[in-house]
Amino acid sequence: MNDDNARLRAAIDTLRVPIYMKDADGRYVYANDLACSLLKRSRDDVVGRCDQDLFPPDQAEVLRRNDLQVIATAKAVVVEEYLSFPDAPVPRCCMNIKQPVVDAGGRPVGVIGLAIDIEARKQQERELVGLKNDYAAILQALPDPLFEFDIEGRCHGYRTPDEDLLAAPPEVFLGRTVREVLPPEEAEVCLEALREAAAKGRSTGKVFKVEAPQGTRWFELSVAPMASAAGRTQRFNVLSREVTARERMERALQEQESLLRAVVDNTPVEYWARDLDGRCTLQNAMTVAHWGDLLGQRPEESAKEPAARTEWLETNRRAYAGETVHREVEYEVDGETRIFQCLVAPIRVGGEVVGIFGFNQDITERKRQEHQIHELAFFDPLTRLPNRRLMFDRLERALGSSARRRHQGALLLIDLDHFKELNDSHGHEAGDQLLMKVAARLGLSIREGDTAARLGGDEFVVILEDLEDVADELLHIKAVADRIGRELGRPFQLQRGTAGETISYQCSASIGISAFGEPGVGAAELLRRADTALYQAKAAGRNAVSFFDPIMQAAVTARARLHSDLRQAIRGGQFELHYQVQVDAQRRPAGAEALVRWRHPEKGLIHPGGFIDLAEETGLIVPLGHWVLATGCRQLALWARHPATAHLRLAVNVSARQFRQPSFADEVRALLEQTGAPADRLKLELTESSLIEDTEAVIERMETLRALGIRFALDDFGTGYSSLAYLKRLPLAQLKIDQSFVRDLMSDPNDASIVRTILALGDSLGLAVIAEGVETEAQYAFLAAHGCRAYQGYLFGRPVALDVFEAGLAASDG
């Protein structure tokens with residue numbers, strides 16, 4: 001028997017399952033070899049010890065509790081216990097089978113058990129649970145419905161986080177096939193997805209739509225086969241994601257892309273794009289029209305000309321390097337060289353260059369317009385010479401260069417003599433032709449590098465630069481001016497009128513010169529000096545050359561000051577009218593001429609000769625003339641109220657500029673109404689220069705005023721052109737013999753002959769004639785003998801202030 005026990009113990013010792021036995025107090029009374037090996041202890045070191053000596057406290061407590069349960073119930077238990085072993089990094093799960101050990105009386109006195117390591121199985125169980133939990137979490141987290149379909153498209157189940165995500169209520173699709181639920185086209189999409197999943201293991205990206213009450217909804221399918229249970233038809237997980245917003249966005253993007261393509265193709269700009277290999281990936285219609293189809297080609301394969309190819313490659317290289325390139329290039333298009341604004345720039349994705357794009361815009365017309373604008377801004381449109389603006393720019397540069405290099409230069413201001421007479425006699429077309437021909441001759445009269453410019457009207461400028469190498473600068477300047485004078489003095493052949501009649505016109509020019517090289521003298525000052533010199537040349541009889549004279553400059557400065565004073569005088573009411581009597585054949589006062597005087601606060605009384613010309617030049621004659629006319633009308637109205645003066649006429653001089661104002665007739669009518677002056681007592685004296693330009697308008701204006709009762713006298717008759725062609729058409733009442741003819745009447749036979757002719761002409765035309773400047777009885781007698789019936793001059797009275805004039809009238813009546 002003992003041998004049997006020994007053999008049994010030996011067999012137990014060698015079992016590959018840990019076996020142990022404990023007494024009622026929990027002390028080990030036996031442990032087989034494997035149990036001791038797992039604990040890394042000898043059997044002697046295990047026997048007699050408790051679990052508290054061999055395992056951590058928490059594990060020992062569980063082991064003791066399970067042991068006590070076996071002893072207390074005298075029943076076996078199978079429990080899972082986690083045990084720590086020296087070779088195991090973490091506690092391992094063991095299935096412990098525990099049996100009670102009983103004595104002869106059947107009372108439990110201990111526990112015998114064996115431990116089976118089930119850690120691997122527990123790990124698998126944990127992983128399986130984890131997978132189930134993950135799957136459940138995934139299903140829980142899915143924002144989209146998940147369906148279970150078979151290969152025929154029949155729905156066997158569904159799961160959704162929100163019923164609103166379903167394309168239809170469940171009762172519509174559960175147990176039914178997609179052919180029964182969806183339109184044929186949409187059902188075929190779903191079935192195609194199922195077939196693709198069956199064949200390839202998955203299907204994604206198929207989209208179908210459903211017409212719902214709230215509008216069209218789009219769904220994208222993701223399909224995968226489910227694990228097949230034995231004997232069950234293959235089924236599929238079908239994830240249905242609503243992509244309505246995406247589809248609408250994609251359609252909107254497609255519409256935008258179509259719109260963009262339409263815009264790009266119909267925009268007059270060549271547009272293209274290339275990938276990193278240089279191949280064209282995008283082009284518009286204009287690009288194709290110009291260069292042909294470039295898609296898939298590199299620049300070296302598609303450029304028509306070597307020069308274009310080189311330019312393309314260089315520009316593209318810079319764009320690939322990250323630079324945005326702007327260039328103006330010239331290309332040949334349909335046999336015409338055209339200018340393009342070229343832009344080439346990198347295409348970046350996430351900061352990385354993935355290609356380049358570019359466009360070419362045809363700016364040929366814009367460049368032409370810019371050139372035209374430049375021409376209009378800096379060149380005179382008639383002569384094509386630099387205008388005043390460009391002239392000043394070049395003069396400033398010439399002055400700067402002269403100062404730096406210490407070279408001399410000169411400014412020549414050229415004015416055509418009597419140019420206005422050409423316009424008046426032959427028309428503006430002839431005048432324009434002359435200006436163009438003068439510009440051409442100026443260009444031939446100066447060196448290359450010098451400048452000829454037109455200031456305006458009939459004024460030209462020549463800038464001579466770099467005269468340092470000339471032996472005598474002043475002599476050279478004078479020689480150039482003389483050469484210009486000779487060139488302009490040669491006859492010009494001009495076309496006149498619509499018939500194209502050719503006339504030969506002899507021109508002359510006055511030239512004012514201001515040399516430069518003196519520090520601190522600017523362009524404006526230099527031009528003022530040349531203008532002063534020009535004034536001196538004109539004063540010398542025209543057709544002359546004059547250098548700047550400081551004395552003349554002082555005179556010009558005084559003239560400028562006088563201009564300022566004149567403007568202030570008009571604003572400040574510093575003018576007054578003096579009256580010079582006009583008498584009839586019996587030497588009785590018949591009226592007066594109103595003559596303006598300027599009561600200057602510093603210079604005293606200034607006669608018209610001291611300011612009228614300046615007023616004419618500056619345009620101040622218009623407001624001044626209005627004041628004279630208004631004052632004269634008020635005086636006529638006062639005379640008309642008294643029998644002794646009611647018969648008097650008042651002659652008022654009207655300047656050419658004032659008379660040409662479109663509102664002049666309305667202005668006179670208004671003054672007559674405001675003052676109450678009798679129109680038939682007002683006589684307006686006009687000079688011939690007022691009448692020879694725009695004759696039809698002049699006649700219309702005169703007729704309008706004559707209808708009011710106003711009479712017209714032609715002043716200074718005989719000193720101008722005195723053309724009978726227009727004289728007989730004008731509604732004149734009187735001719736006025738200029739005092740220059742009356743002055744030398746008794747000593748100059750020519751003047752006497754002119755006076756007789758004027759008197760005879762007036763008689764033949766039915767016009768009254770008045771002679772001015774009559775100072776002697778001999779002059780009066782001559783005029784009376786030849787039929788003159790009206791007179792004005794110192795013989796009868798000087799121009800005097802109103803009170804003196806009226807006192808003289810009273811004395812003559814007495």
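Me: Before we start, what counts as a nonpolar core here?
Reply: A nonpolar core is a set of buried Ala, Val, Leu, Ile, Met, Phe, Trp, Tyr and Cys residues joined through side-chain atoms within 4.5 Å. Bear in mind that this is a predicted model.

Me: OK, so which residues touch the most other members in the largest one?
Reply: That core has 75 residues, and the ones touching the most other members are Phe 659, Leu 682, Leu 684, Met 702, Leu 705, Leu 732 and Ile 737.

Me: Where does the largest share of it come from?
Reply: From helix α22 (residues 621-640), which supplies 9 residues.

Me: What's Phe 659 in contact with, leaving aside neighbours within four places in sequence?
Reply: Val 654, Phe 664, Leu 686, Ser 690, Val 698, Arg 701, Met 702, Leu 705 and Phe 712. Apart from this core lies another, of 32 residues, and Val 480 is among them, as are Ile 414, Leu 435 and Val 438.

Me: Val 480 is in α18, right? Which residues of that helix are buried?
Reply: Yes, Val 480 is one of the buried residues of α18, along with Ile 477, Ala 481, Ile 484, Leu 488 and Gly 489.

Me: And what do they pack against?
Reply: One helix, α17 (428-445), plus the strands β16 (409-416), β18 (459-464), β19 (492-496), β21 (509-516) and β22 (545-547).

Me: New topic: Asp 67. Buried or exposed?
Reply: Asp 67 is buried, at 1% relative accessible area. Asp 67 sits in helix α5 (residues 57-73).

Me: What does Asp 67 contact beyond four places in sequence?
Reply: Lys 22, Asp 51, Lys 98 and Val 111.

Conventions: Residues numbered from 1 in each chain as written. Predicted model: local features only at pLDDT ≥ 70, side-chain atom pairs only at ≥ 80, totals over all residues. Heavy atoms only, no water. Buried < 20%, exposed > 50% of the residue type's maximum accessible area, 1.4 Å probe, protein only. Helix = DSSP H or I, 4+ residues; strand = E, 2+ residues; numbered from the N terminus. Contact = heavy atoms within 4.5 Å.
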